[in-house]
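Reader: I should like to examine the terms used to describe this model and to ask what each of them rests on. May we begin with a single residue and proceed from there?

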Amino acid sequence: MEALNLLESFIQSAESGSFSAAARRLGLTPAAVSKNVARLEDHLGLRLFQRSTRKLTLTLGGEQFFRQVSDPYSTLRDAFASAAQDDGKPAGVLKVSMGVAFGREYLVPLLGEFLAMYPAIVPDWHFENRSVDLIAGGFDAAIGGGIELTEGVVARELARTYVVAVASPAYLEGRTLPKHPTDLSAFDGIVRRSASTGRLRLWNLRNQIGEEALAEPRTRLIFDDPEAMAHAAMQGLGVALLPMPHAAPWLERGALVRLVPGWCADNGPLALYYPNRKLLPPKTRVFIEFIVDAFQRKGLARRFDGR
């Protein structure tokens with residue numbers, strides 16, 4: 001077990017780039033992690049890190065050693081986690097990343113059912129509108145769209161999402177409804193700025209027979225968050241082009257009205273991301289199964305389909 005403890009300190013330090021970050025994950029002090037790594041280096045007769053006041057950098061030997069041990073270590077860790085279940089049931093802290101509005105609207109309502117099925121699991125859910133590094137961040141899973149599939153991460157598609165044009169009944173009162181996406185140029189627009197590129201998002205909408213047209217209302221407001229765009233649209237401030245997960249609740253309640261029905265833009269898949277391991281921890285495996293089943297039972301894929 002001592003060798004595994006030393007190896008764990010090394011792997012966590014290599015993945016996070018610092019003894020301090022590794023210590024937070026392991027519940028140790030940075031000095032203890034540093035000491036463990038030093039003992040491992042003495043045992044191997046190999047310098048694993050170049051140390052500086054700012055960060056740790058793997059040596060060439062350290063990189064080679066990390067590649068050799070990371071996969072077997074993950075398998076061993078998962079095996080220990082599986083063997084240490086509470087009375088043979090999935091147990092432990094389940095660390096999951098998700099978007100703020102999406103998690104609040106669609107995932108939090110599932111919690112009661114999930115906890116009733118798996119009382120020994122403790123959800124540690126992180127609500128954040130950004131992509132996370134599952135491996136470096138120590139996440140068991142993430143739910144969202146557009147997360148880069150880095151080495152060691154797989155994705156299971158839950159639904160495809162579409163962007164649609166919406167506005168409030170109050171904003172549309174007294175206005176002639178648009179019949180074609182190009183007609184939106186006569187309307188005030190609540191436009192989205194890409195958080196990654198800083199550019200304004202423009203959408204080519206497509207209909208069922210494959211025709212395409214640019215939807216470009218005149219820019220009145222610029223936001224970088226689709227949920228904020230939805231709320232601004234409900235205040236009657238203009239037309240917004242929203243992904244269906246953000247538009248669906250308000251369309252169903254009548255707070256927003258869809259414009260140019262039959263026209264939408266493919267916004268890519270909504271997926272469940274998790275580390276690619278030969279032996280998934282039971283807590284992660286049952287969470288994946290639960291979410292996939294819940295999406296099917298509640299018809300969320302149909303709700304997010306703007307076609």
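Author: Just after α9, G236 takes a positive phi of about 80°. The model is a predicted one, in which local features need pLDDT of at least 70 and side-chain atom pairs count only at pLDDT 80 or more, whereas totals for chains, interfaces and linings use all residues. Residues are numbered from 1 along each chain as its sequence is written, and side-chain values use heavy atoms, with hydrogens and water left out.

Reader: What makes α9 a helix, and which of its residues are buried?

Author: Helices are DSSP runs of H or I with at least four residues, strands are runs of E with at least two, and both are numbered from the N terminus. Helix α9 covers residues 226-234, and its buried residues are P226, E227, M229, A230, A232 and A233. Buried means a relative accessible area under 20%, exposed means over 50%, and partly exposed lies in between, with a 1.4 Å probe and protein chains only.

Reader: Against which elements do the buried residues of α9 pack?

Author: They pack against α5 (100-107), β7 (188-192), β10 (218-223), β11 (239-243) and α10 (244-253). Contact here means heavy atoms within 4.5 Å.

Reader: How many aromatic pairs are there, and why is the pair of F19 and F49 called edge-to-face?

Author: Rings of Phe, Tyr and Trp (its six-membered ring) pair if their centres lie within 6.5 Å; planes under 30 degrees apart count as stacked, over 60 as edge-to-face and the rest as tilted. The count by this rule is 13 aromatic pairs. For F19 and F49 the centres are 6.2 Å apart and the planes stand at 85°; the distance is within 6.5 Å and the angle is over 60 degrees, so the pair is edge-to-face. Because F19 belongs to helix α2 (residues 19-26) and F49 to strand β1 (residues 49-51), the pair ties together parts 30 residues apart in sequence.

Reader: Why are F19 and F49 called buried?

Author: The relative accessible area of F19 is 13% and that of F49 is 1%. Each value is under 20%, so both residues are buried.

Reader: What makes the pair of W125 and F287 edge-to-face?

Author: Their ring centres lie 6.3 Å apart and their planes meet at 65°, so the pair is edge-to-face. W125 lies in strand β4 (residues 121-127) and F287 in helix α11 (residues 282-297), 162 residues apart. Both W125 and F287 are buried.

Reader: How do you know that the largest nonpolar core lies between two domains?

Author: A nonpolar core is a set of buried Ala, Val, Leu, Ile, Met, Phe, Trp, Tyr and Cys residues joined through side-chain atoms within 4.5 Å. The largest has 45 residues, and I143, F287, I291 and F304 have the most contacts inside it. Its largest share, eight residues, comes from α11. Domain 2 (92-158 + 272-304) and domain 3 (160-268) both contribute residues, so the core lies between them. The domain bounds come from an automatic or database domain assignment. Leaving aside residues up to four places away in sequence, F287 touches L94, V96, F114, W125, A141, I143 and L272. A second, separate core of 19 residues includes A14, L40, L56 and L58.

Reader: Why do E113 and R297 count as a salt bridge?

Author: A salt bridge is a side-chain nitrogen of Lys or Arg within 4 Å of a carboxyl oxygen of Asp or Glu. The distance from N to O for E113 and R297 is 3.1 Å, so the pair qualifies. By this rule there are 11 salt bridges.

Reader: Why are E113 and R297 called partly exposed?

Author: E113 has a relative accessible area of 33%, and R297 stands at 42%. Both values lie between the bounds for buried and exposed, so each residue counts as partly exposed.

Reader: Which residues are joined into one network by salt bridges that share partners?

Author: The side chains of D293 and R297 also meet in a salt bridge, at 2.6 Å from N to O. D293 and R297 are four residues apart in helix α11, about one turn of the helix. Salt bridges with shared partners join E113, D293 and R297 into one network.
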